[in-house]
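The following exercises practise the reading of helix packing, salt bridges, backbone angles and surface exposure. Each task is followed by a solution in steps.

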Amino acid sequence: MTFTYSSSTVEARREEIIAALEQRVIVSVQAPDGHPMRDTRTLTRVAAACVAGGSPAIRCGGYGGLEDVRAISAEVNVPVLGLTKEGSEGVYITPTRRSVAEVIRAGAAVVCADATARPRPDGSTFPELVEVAHGEGAPIMADCATPEDVLRAHEAGADIISTTLAGYTAERAATAGPDFDVIRRGRALVGSDAFLIGEGRFATPADVAHGIHAGASAIIVGTAITDPAWITARFGSLLS
């Protein structure tokens, strides 16, 4: 059931992915260490269920890293947007050239990587990560924190850009919900050519609609769909 591209060049693969994701809700299936769902087999079944519900792709990896990417890529027939999380401080989402290559070789159709200007463990730059991804034949998604990150990622050749890190770095305070301002301002900086995904704290269908209205090409939702602990606590809070 593994997803395979029908095209051979990175440029054509980018267009193939964009056509599949445009104006859609993509599900992120991840669980951190210590969470009851931190189990590759469990997350693989969750990913399959999300695909059955209509998700056109799965974002995964995180603290399960390459094991999650391999297992989920082998199970679902949609593109996997793969990543690793190495540590918890500074740049830790697919932070090095080696990480980028490993995620792609584990089966990811698209590799996701931190695109901020912060220093990386191996001294690389985001443009160098783009080169590695393209050399491996895969598009790259830039995880951004600010509108300026969005512009730099676009100029560096990122195939897809996401607001994943908005509110999770020192450059920008976290908003209560999605940071729609990063989407709006990022879109204004890169124009209509960039494929810009809204990601981070999307919790309701209304959030999704607002994100698209703000200029997102698609939306990624994670916790609000895939974390039973968070969902249960949210329902319970209505009665307290």
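Axes are lines fitted to C-alpha atoms, for helices over the stretch in contact, and angles run from 0 to 180 degrees between N-to-C directions. The model examined here is predicted.

**Exercise 1. Two helix pairs**

Task: Determine how helix H7 is oriented relative to helix H8, and state the handedness of the crossing.

Solution:
- Step 1. Two packed helices are described by the angle between their axes and the distance between the axes.
- Step 2. For helix H7 (residues 180–190) and helix H8 (residues 205–214), the axes come within 8 Å and cross at roughly 20°.
- Step 3. Angles under 35 degrees count as roughly parallel, so H7 is roughly parallel to H8.
- Step 4. The crossing of H7 and H8 is right-handed.

Task: Carry out the analysis for helices H2 and H3, which pack against each other.

Solution:
- Step 1. Helix H2 (residues 40–52) and helix H3 (residues 65–75) have axes 9 Å apart, at an angle of about 40°.
- Step 2. Angles under 35 degrees count as roughly parallel, and 65 to 115 as roughly perpendicular. H2 and H3 are therefore oblique to each other.
- Step 3. H2 and H3 cross in a right-handed sense.

**Exercise 2. A salt bridge and a contact of helix H3**

Task: Identify which parts of the chain are linked by the pair Asp-68 and Arg-38.

Solution:
- Step 1. Side chains of opposite charge can pair when their charged atoms come close.
- Step 2. Asp-68 and Arg-38 form a salt bridge through their side chains, with an N to O distance of 2.9 Å.
- Step 3. This pair links distant parts of the chain, 30 residues apart: Asp-68 belongs to helix H3, and Arg-38 to the loop between strand E1 (25–29) and H2.
- Step 4. Buried means under 20% relative accessible area. Asp-68 has a relative accessible area of 0%, so Asp-68 is buried.

Task: Is Gly-65 buried or exposed?

Solution:
- Step 1. Gly-65 is placed in helix H3.
- Step 2. Its relative accessibility is 10%, and therefore Gly-65 counts as buried.
- Step 3. The C-alpha atoms of Gly-65 and Ser-99 are 9.8 Å apart in space, while the two residues are 34 apart in sequence.

**Exercise 3. A salt-bridge network**

Task: The structure holds 15 salt bridges. Trace those formed by Arg-172 with Asp-179 and with Asp-181.

Solution:
- Step 1. Between Asp-179 and Arg-172, the closest N and O atoms are 2.6 Å apart.
- Step 2. Asp-179 and Arg-172 are both buried; the relative accessibility of Arg-172 is 17%.
- Step 3. Between Asp-181 and Arg-172, the closest N and O atoms are 2.7 Å apart.
- Step 4. Salt bridges that share partners join Arg-172, Asp-179 and Asp-181 with Glu-148 and Arg-185 into one network.
- Step 5. Asp-181 has a relative accessible area of 26% and is therefore partly exposed.

**Exercise 4. Positive phi values**

Task: Describe the backbone and the surroundings of Thr-94 and Arg-201.

Solution:
- Step 1. Most residues other than glycine have a negative phi.
- Step 2. Thr-94 has a positive phi, near 40°, and Arg-201 has a positive phi, near 70°.
- Step 3. Thr-94 lies in the loop between strand E3 (80–82) and helix H4 (97–105); its relative accessibility is 0%, so Thr-94 counts as buried.
- Step 4. Arg-201 lies in the loop between strand E7 (196–199) and H8; with a relative accessible area of 23%, Arg-201 is partly exposed.

Technical notes. Residues are numbered from 1 along each chain as its sequence is written. This is a predicted model: local features need pLDDT of at least 70, side-chain atom pairs count only at pLDDT 80 or more; totals for chains, interfaces and linings use all residues. Side-chain values use heavy atoms; hydrogens and water are left out. Helices (H or I, at least four residues) and strands (E, at least two) are DSSP runs, numbered from the N terminus. Angles under 35 degrees count as roughly parallel, over 145 as roughly antiparallel, 65 to 115 as roughly perpendicular and the rest as oblique. A crossing is left-handed if the near helix is turned anticlockwise from the far one by less than a right angle, and right-handed if clockwise. Buried means under 20% relative accessible area, exposed over 50%, partly exposed in between (1.4 Å probe, protein chains only). A salt bridge is a side-chain nitrogen of Lys or Arg within 4 Å of a carboxyl oxygen of Asp or Glu.
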